[in-house]
Amino acid sequence: MNHSSNEKEPETIEPLRYLSKTEVATIETELLRDYRFGQQQLIEIWGHACAIAVTKAFPLSSLSKKQPTLLVVCGPEQNGSIGLVCARHLRMFEYEPTIFYPKRSPQSLHQDFTVQCEKMDIPFLSYLPTEVQLLNDAYNLVIDAILGPETEHKEVKEPYAGMLVTLKQAKIPIVSVDMPSGWDVDEPAKDGINPEVLISLTAPKKCATGFSGNHFLAGRFLPYDIQKKFELNLPEFPGTECVIEL
């Protein structure tokens with residue numbers, strides 16, 4: 001048996017690339033400027049893929065409460081809008097999302113997503129209970145779409161700092177969109193919220209190297225030239241899936 005030819009094969013599988021904050025911004029700029037993707041289009045693709053990842057991590061049949069309730073906590077920027085899209089699709093998938101969106105973006109792009117959720121009769125909370133037991137009792141899980149790579153994480157301001165304190169104490173699983181809120185994009189956090197599931201969008205961020213929970217990669221649309229240029233080495237998605245568990 002010829003071993004030499006067999007031993008070379010594994011070398012061709014390059015490791016998946018983890019992106020820095022700067023690389024994330026550069027890729028997004030290229031998608032918008034050179035590849036003519038629209039920002040709303042990207043948010044829709046990512047939000048839909050997030051919803052599918054949630055259904056894989058927490059199928060309806062696996063939820064412990066009688067109602068398939070979940071809380072989607074949305075921040076003020078793009079990550080929050082991805083959360084809104086995710087909530088809308090989860091509603092289509094027969095989950096019962098409630099949204100907490102304390103600081104609504106003035107941009108019409110983000111407002112469109114809010115209206116779409118309102119028209120689906122998805123309830124919006126007026127405040128986040130600081131009594132953690134209320135969250136544990138009311139929801140099966142929390143989706144953290146608060147702070148993404150676009151946010152400066154050096155000083156997390158209110159109301160988000162307080163929200164993160166509350167979520168840290170929650171006993172129900174947390175699913176973070178793209179990165180756990182409050183972590184630095186470029187390095188794993190020592191403290192901060194500790195999600196059970198992380199849904200990385202497009203490619204994982206550097207901070208995800210320190211993540212030990214269930215890790216999904218969502219969004220299968222990146223032009224091959226961008227994948228090559230940034231040496232992303234994305235895994236092969238099975239069949240027609242847009243989400244893969246890493």
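Colleague: Below what relative accessible area does a residue count as buried in this predicted model?

Modeller: The model in front of us is predicted, and the burial classes rest on relative accessible area, with residues over 50% called exposed and those in between called partly exposed. A residue counts as buried when its relative accessible area is under 20%.

Colleague: Is asparagine 79 buried or exposed?

Modeller: Asparagine 79 is found in helix H4, and, leaving aside residues up to four places away in sequence, it touches Asp144, Ala145, Ile146, Leu147, Gly148, Glu150, Val177 and Asp178. Its relative accessibility is 2%, and asparagine 79 therefore counts as buried.

Colleague: How are H3 and H4 oriented to each other, roughly parallel or oblique?

Modeller: Helix H3, residues 39-57, packs on helix H4, residues 78-92, with the axes 7 Å apart and at an angle of about 55°. Among the residues making this contact are Ile43, Trp46 and Val54 of H3 together with Ile82, Val85 and Leu90 of H4, and by class the contact divides into nine nonpolar, seven polar and two charged residues. The crossing of H3 past H4 is right-handed. Angles under 35 degrees would count as roughly parallel, so at their angle H3 and H4 are oblique.

Colleague: How is H4 oriented to H5, roughly parallel or oblique?

Modeller: Helix H5 spans residues 108-119, and its axis lies 9 Å from that of H4, at an angle of about 25°. That angle makes H4 and H5 roughly parallel.

Colleague: Which hand does the crossing of H4 past H5 have?

Modeller: The contact is made by Gln78, Ser81, Leu84, Val85 and Arg88 of H4 with His110, Phe113, Thr114, Gln116 and Cys117 of H5, and by class it has four nonpolar, five polar and one charged residues. As H4 passes H5, the crossing is left-handed.

Colleague: Which helix gives the largest share of the largest nonpolar core?

Modeller: The largest nonpolar core has 55 residues, and those with the most contacts inside it are Ile99, Ile143 and Ile199. The largest share of this core, nine residues, comes from H3.

Colleague: How many residues has the other core that lies apart from it?

Modeller: In soluble globular proteins, nonpolar side chains tend to be buried together. In the largest core, one of the residues with the most contacts is Ile99, which touches residues including Leu71, Val72, Leu84, Ile122 and Phe124, not counting those up to four places away in sequence. Apart from that core lies another, with Tyr160, Leu167, Ala170 and Ile172 among its members, and its size is 18 residues.

Methods
Residues are numbered from 1 along each chain as its sequence is written. This is a predicted model: local features need pLDDT of at least 70, side-chain atom pairs count only at pLDDT 80 or more; totals for chains, interfaces and linings use all residues. Side-chain values use heavy atoms; hydrogens and water are left out. Axes are lines fitted to C-alpha atoms, for helices over the stretch in contact, and angles run from 0 to 180 degrees between N-to-C directions. Helices (H or I, at least four residues) and strands (E, at least two) are DSSP runs, numbered from the N terminus. Angles under 35 degrees count as roughly parallel, over 145 as roughly antiparallel, 65 to 115 as roughly perpendicular and the rest as oblique. A crossing is left-handed if the near helix is turned anticlockwise from the far one by less than a right angle, and right-handed if clockwise. Contact means heavy atoms within 4.5 Å. Ala, Val, Leu, Ile, Met, Phe, Trp, Tyr, Cys and Pro count as nonpolar, Asp, Glu, Lys and Arg as charged, and the others, Gly among them, as polar. A nonpolar core is a set of buried Ala, Val, Leu, Ile, Met, Phe, Trp, Tyr and Cys residues joined through side-chain atoms within 4.5 Å. Buried means under 20% relative accessible area, exposed over 50%, partly exposed in between (1.4 Å probe, protein chains only).
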